[in-house]
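Colleague: I have a few questions about how this fold is packed. Could we go through them one at a time?

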Amino acid sequence: MIIDDFMPKVGESSIREELINCLRGNPKTLPSMYFYDHHGSELFETITKLDEYYPPKVEVPLLRSTAQKLKHELENCDLVELGSGDCSKISVFLDEVPEEIRRTIVYYPVDVCKQAIEKSACNLQDRYPEMNIHGITADFLGHIEKIPAKRRRFFCFFGSTIGNLTEEQAMKFMTDLGKVMNNNDRLLLGVDMVKDIDIIEKAYNDSQGITAKFNKNILNVANDHLMTNFDPEEFEHVAFFNKKYSRIEMHLKAKKDLEVTSPFLKNQIVFNKGETIHTENSHKYTVDGINKMANAAGLSVESIFNDDKKWFSLVEMVKQ
């Protein structure tokens, strides 16, 4: 097992500068990557098991059925998972691939967190001892060219992670990916589809309030880095579907006028009652939107695999 590390070393001062700039912006924002400290990761794990949170419930069976249909496409190829995380989804996928095909695969998990790759790669090596694993610590938005291209590649981008990008970021990502893909390279892209708005909004406003705790926890992360005096209970969790941009938006809304201080700030950050911090977007797609992304990458859509309700899709694209 090999792990190549291409991530630049980012100091605490750079993190503080990013957070301050976001909180000084108009509108105020906090990058969603800061949801995932230890407590935030635990809360998200709980979210994935909630009745209202449908994505894992439709994506996991879809991964199984899709793998059964595409397993022969994986023979003698490099399997590249972008944003691999804990590798739980690729495990569902690989369980449906015969061992004789897995023997011919080199799996490349790509993630910004080296510790996550080390842990998940060890687990995968135990689970699939016949398969070669080559981890890459990198930001797939900026280091896509670091992925080896000696053999035919099968890229996987699961979990509708692309939905967390802005439209501009998603189109740039697809364009950049298309440029480094070679003829006959493939992409299997997970996308959350447009559906009944009530279903979508309930997934981000669960009855137990776990998503609200998850959203508010980003203020604790800001406190850790900036030594600010954010009180999460002085903010209300707000999540709604924005029809214009076809996305769920998550915000934190100030319940009253507030002044937030930090030793790293000359002046307070002032909140008026009702003012929000925009914390996350989750775009939902139509077939037209899928085709638009494929065209940006110069890829052809081979197949669109759906769950029974067509709530989620896995889109197979190929470079020709």
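Colleague: Which elements do the buried residues of α7 pack against?
Modeller: This is a predicted model, so everything here is computed from it. Helix α7 covers residues 167–180. Its buried residues are Ala170, Met171, Phe173, Met174, Leu177 and Gly178. They pack against β3 (78–82), β6 (153–157), β7 (186–192), α10 and β14 (312–318).

Colleague: Where do the buried residues of α7 sit around its axis?
Modeller: An α-helix has 3.6 residues a turn, so residues three or four places apart point the same way. The buried residues of α7 cover an arc of only 160° around the axis. That puts them on the same side of α7.

Colleague: Which exposed residues does the face of α7 turned away from its buried side carry?
Modeller: Exposed here takes over 50% relative accessible area. On the face turned away from the buried side of α7, the exposed residues are Glu168, Lys172 and Lys179.

Colleague: What do the buried residues of α1 pack against?
Modeller: Helix α1 runs over residues 12–24. Its buried residues are Ile15, Leu19, Ile20, Cys22 and Leu23. They cover an arc of only 160° around the axis, which puts them on the same side of α1. Their packing partners are β2 (28–29), α9 (210–226), β11 (269–271) and β12 (276–283).

Colleague: Is Lys284 buried or exposed?
Modeller: Lys284 lies in the loop between β12 and α10 (287–297). Buried means under 20% relative accessible area. Lys284 has 3% relative accessibility, so it counts as buried.

Colleague: Which side chains does a polar contact join to that of Lys284?
Modeller: Lys284 touches several residues distant in sequence, among them Tyr54, Phe241 and Arg247. One polar contact, of 2.7 Å, joins its side chain to that of Asp192. Another, of 2.9 Å, joins the side chain of Lys284 to that of Tyr204. The names you want are Asp192 and Tyr204.

Colleague: Which element gives the largest share of the largest nonpolar core?
Modeller: In soluble globular proteins, nonpolar side chains tend to be buried together. The largest nonpolar core here has 66 residues, and those with the most contacts inside it include Leu74, Phe271 and Ile277. Seven residues, the largest share of this core, come from α9.

Colleague: How many residues are in the second, separate core?
Modeller: Its members include Ala138, Met174, Val191 and Ala297. Met174 is also one of the buried residues of α7. The size of this second core is 32 residues.

Methods: Residues are numbered from 1 along each chain as its sequence is written. This is a predicted model: local features need pLDDT of at least 70, side-chain atom pairs count only at pLDDT 80 or more; totals for chains, interfaces and linings use all residues. Side-chain values use heavy atoms; hydrogens and water are left out. Helices (H or I, at least four residues) and strands (E, at least two) are DSSP runs, numbered from the N terminus. The expected span of a helix is 1.5 Å times one less than its number of residues. Buried means under 20% relative accessible area, exposed over 50%, partly exposed in between (1.4 Å probe, protein chains only). The arc is that of the directions from the helix axis to the C-beta atoms. Contact means heavy atoms within 4.5 Å. A polar contact is a pair of N or O atoms within 3.5 Å; within protein, one must be able to donate a hydrogen and the other to accept it, and residues adjacent in sequence count only if both atoms are side-chain atoms. A nonpolar core is a set of buried Ala, Val, Leu, Ile, Met, Phe, Trp, Tyr and Cys residues joined through side-chain atoms within 4.5 Å.
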